[in-house]
Amino acid sequence: PLFLLIHGTGGAVHSWKNIITPLFVNADLISIDLPGHGFTYEKHENDYSLPRITELLINLLNALKIENLDKVVGHSAGAAIAIELSLQTNLGKVNHIVGINPSLVPPPPIFNTLLNPIITPFVTAKSFTSLLSSITRNTTLVDNLLTSTGSELNKDQKNLYKRIFQKNRHLNGSIKFMASTNLTELLLKTKNLKTSSTFIIGQQDNWVKREPLLKILKQYFPSSKIIENIGGHLLHETYPEKISEQILKASFIE
């Protein structure tokens, strides 16, 4: 079976580092850096919306001559991309979706209608991202961000995040993705989603709160399976063996 792994906002392929080995025992894996993230280069595009990123992902799958994915595993905002991918391919490419701490709770309406158009041009400016990159190198900002997830990473894991957050293009891509993501629009389209799904949730996730998320899943994904764990937002990094087992059991592999 073939699994596609999609990281979340601000992440990169390194976030799957510890879970690759237990998954690879049972499946072939594709792990990607999203546009503007990790080691990818943007082409000066401002459209980092879910439909556009998914379109680029479909182009990649076509180039690799991949016609079917047994499972798409998305962490955080990667789960939203997994859902969009299932919708855009008319269910032809994706057999099952697994969302790990899926970022599916929309921000307040005032953010998209009032604040987002004001904030976005400022935070995506090169001068701002250069300043932010400098701050991440010389302060404990990244450590504090990682701690705020409710997950405790080891030194090596933290250093990988610090490396990519020192790259201006990674910061720029991450911010553009956050600013362009319209979760309300995505959720309204889920009535057309027939792909089966499993959502793995960390009860101590401080970034995607449990109660609002469960309400969203009950409303828009009523037939999905929900697995709750003790842990924070980076479950797959802190408990790779356990989460890999849950991913495999969520599919046709028993």
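## Helix α7

At the start of α7, N154 makes a side-chain contact with the backbone. One of its side-chain oxygens comes to within 3.1 Å of the backbone nitrogen of D156. The model is predicted, and the values here are computed from it.

Helix α7 covers residues 155-165. Its buried residues are Q157, K158, Y161, I164 and F165. They lie on the same side of α7, because they cover an arc of only 130° around the axis. The face turned away from this buried side carries K155, D156 and R163, which are exposed. D156 thus has two roles in this description: its backbone nitrogen faces the N154 oxygen, and the residue belongs to the exposed face.

## Helix α8

Helix α8 takes in residues 168-180, 13 residues in all. What span should it have at 1.5 Å a residue? The expected figure is 18 Å, and the end C-alpha atoms are 18 Å apart, which agrees.

The buried residues of α8 include a run from H170 through L171, N172, G173, S174, I175 and K176 to F177. A179 is buried as well.

## The sheet

Six strands form an open sheet with parallel pairing. Their order is β2-β1-β3-β4-β5-β6. The edge strands are β2 (28-32) and β6 (225-229), each of which pairs on one side only. From one strand to the next, the twist averages 15°. Helix α3 (residues 77-88) packs on this sheet. It touches β1 (2-6), β3 (71-75) and β4 (96-100), and its direction makes about 145° with that of β3.

Strands of a sheet pair through backbone hydrogen bonds, either parallel or antiparallel. Here β1 and β3 run parallel and are joined by four bridges. L5 stands opposite V73 in β3. β3 and β4 also pair in the parallel sense, over four bridges. V72 stands opposite I97 in β4, and G74 has G99 of β4 as its bridge partner.

Five bridges join β4 to β5, again running parallel. On this side H96 stands opposite S196 in β5. β5 (residues 196-202) is in turn joined to β6 by five bridges, and the two run parallel. T198 has K225 of β6 as its bridge partner.

## Strands β3 and β4

Is β3 enclosed or open to the outside? Five of its five residues are buried, so β3 is largely enclosed by the rest of the structure. Both of its faces are covered. K71, V73 and H75 are buried on one side, V72 and G74 on the other.

β4 is also largely enclosed by the rest of the structure, because five of its five residues are buried. H96, V98 and I100 point one way from the strand. I97 and G99 point the other way, and all are buried.

## The loop between β1 and α1

S15 has its place in the loop between β1 and α1. At 4% relative accessibility, S15 counts as buried, because the cut-off for buried is under 20%. A polar atom of its side chain lies 2.9 Å from the backbone oxygen of A12. Leaving aside neighbours within four places in sequence, S15 is in contact with H7, Y161, H236 and E237. Of these, Y161 is one of the buried residues of α7.

N18 sits in the loop between β1 and α1 (20-24). Is N18 buried or partly exposed? Its relative accessibility is 31%, so N18 counts as partly exposed. Which residues does N18 contact, beyond its neighbours within four places in sequence? They are Q157, E237 and P240. N18 and Q157 are 139 residues apart along the chain, yet their C-alpha atoms are separated by 9.4 Å. Q157 is another buried residue of α7. E237 appears in the contacts of S15 and in those of N18.

## The whole chain

The protein has 12 helices and six strands. Of its 254 residues, 51% count as buried. Among contacts between residues at least 6 apart in sequence, 83% join residues at least 24 apart. The contact of N18 with Q157 spans 139 residues along the chain.

Technical notes. Residues are numbered from 1 along each chain as its sequence is written. This is a predicted model: local features need pLDDT of at least 70, side-chain atom pairs count only at pLDDT 80 or more; totals for chains, interfaces and linings use all residues. Side-chain values use heavy atoms; hydrogens and water are left out. The expected span of a helix is 1.5 Å times one less than its number of residues. Buried means under 20% relative accessible area, exposed over 50%, partly exposed in between (1.4 Å probe, protein chains only). The arc is that of the directions from the helix axis to the C-beta atoms. A polar contact is a pair of N or O atoms within 3.5 Å; within protein, one must be able to donate a hydrogen and the other to accept it, and residues adjacent in sequence count only if both atoms are side-chain atoms. Two strands pair if DSSP finds at least two bridges between them. Axes are lines fitted to C-alpha atoms, for helices over the stretch in contact, and angles run from 0 to 180 degrees between N-to-C directions. Contact means heavy atoms within 4.5 Å.
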